[in-house]
Amino acid sequence: ETRTFFGCQSLETVVLNEGLETIGNSAFMMCYKLKSVEFPSTLTKIDNGAFSKSTIEKAVLPESVKFIGAGAFQYCELLTEIYIPGEGVTMYTDSFLSRYNLTDVYIGKNVKFIRGEEETPFYQFSAPFVEYIFLEDSYEKYIENNPDMRLRDDMYKKVRFESSLVKDHDHSFEPYKTQDGDCDKVGKVYYRCECSSEYVEVIKTEPHSYKKDLIKATLYKNG
């Protein structure tokens with residue numbers, strides 16, 4: 001539904017039920033206390049402005065997501081991590097625009113961009129703390145899918161395409177940095193060759209596993 005929780009100031013954590021396919025326009029827009037959202041594996045569409053101006057800290061999306069609307073996570077100033085593993089995702093060039101504290105960006109194969117408020121697709125991810133933007137596609141495949149959206153010159157050093165691992169010798173990659181993950185945050189293992197080529201292995205999050213604790217009722221206390 002459109003604007004379902006628009007401006008709700010009591011929401012801090014949201015767990016969306018399995019079976020949900022669409023998050024509507026501005027559904028959680030301007031929810032200034034919202035920190036955590038658990039997305040269902042059935043979700044396919046996040047509509048325009050769905051989380052715009054909220055305080056969500058991570059956008060760890062399921063592989064089922066195929067569309068991210070204009071300004072869906074725009075002006076989310078506390079957003080630190082974006083993980084979009086699905087293949088063939090279509091998003092706008094301003095879906096994540098204005099991302100002051102962003103540190104990690106990972107995007108799956110065959111991504112397609114629609115031009116929005118921002119002219120170039122990857123500039124929306126180029127926050128000061130983002131070292132690399134990881135994209136599973138090769139540069140050639142990216143251009144094939146987005147022929148009118150070539151990279152700005154200052155983005156070439158930020159974006160790590162699949163084919164950025166140069167094949168001029170037999171690489172010998174060794175892990176040099178590990179980031180542990182948990183139910184809410186993806187883990188990462190960074191590998192580097194002596195030639196400075198590198199790649200990252202993403203360890204996907206697992207869904208929460210809840211345990212039921214039964215507290216028996218007594219004559220004076222509810223169970």
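Let's start with a pair of strands: E13 (residues 174-179) and E14 run antiparallel and are joined by 5 bridges. One of the matched positions is Pro175, whose bridge partner in E14 is Tyr191. Keep in mind that this is a predicted model. Strand E14 spans residues 187-192 and is mostly covered, with 5 of its 6 residues buried.

Now for a sheet with parallel pairing. This open sheet has 5 strands, in the order E5-E7-E9-E11-E12. Strands E5 (58-60) and E12 (159-160) stand at the edges with a single partner strand each, so one side of each has no neighbour in the sheet. As background, strands of a sheet pair through backbone hydrogen bonds, and the pairing may be parallel or antiparallel. At the E12 edge, the pairing with strand E11 (residues 133-135) is parallel and comprises 2 bridges. Here Phe134 stands opposite Arg160 in E12.

The two strand pairs described above can be set side by side:

| Strand pair | Sense | Bridges | Facing residues |
|---|---|---|---|
| E13 and E14 | antiparallel | 5 bridges | Pro175 and Tyr191 |
| E11 and E12 | parallel | 2 bridges | Phe134 and Arg160 |

Finally, a look at one residue and its surroundings. Tyr92 sits in strand E8, which covers residues 90-92. Which residues does Tyr92 contact, leaving aside its neighbours within four places in sequence? They are Phe67, Ile68, Gly69 and Ala70, then Phe113, Ile114, Arg115 and Gly116, and also Gln124. For Gly116, the C-alpha to C-alpha distance to Tyr92 is 5.7 Å, although the two are 24 residues apart in sequence.

Terms used. Residues are numbered from 1 along each chain as its sequence is written. This is a predicted model: local features need pLDDT of at least 70, side-chain atom pairs count only at pLDDT 80 or more; totals for chains, interfaces and linings use all residues. Side-chain values use heavy atoms; hydrogens and water are left out. Two strands pair if DSSP finds at least two bridges between them. Helices (H or I, at least four residues) and strands (E, at least two) are DSSP runs, numbered from the N terminus. Buried means under 20% relative accessible area, exposed over 50%, partly exposed in between (1.4 Å probe, protein chains only). Contact means heavy atoms within 4.5 Å.
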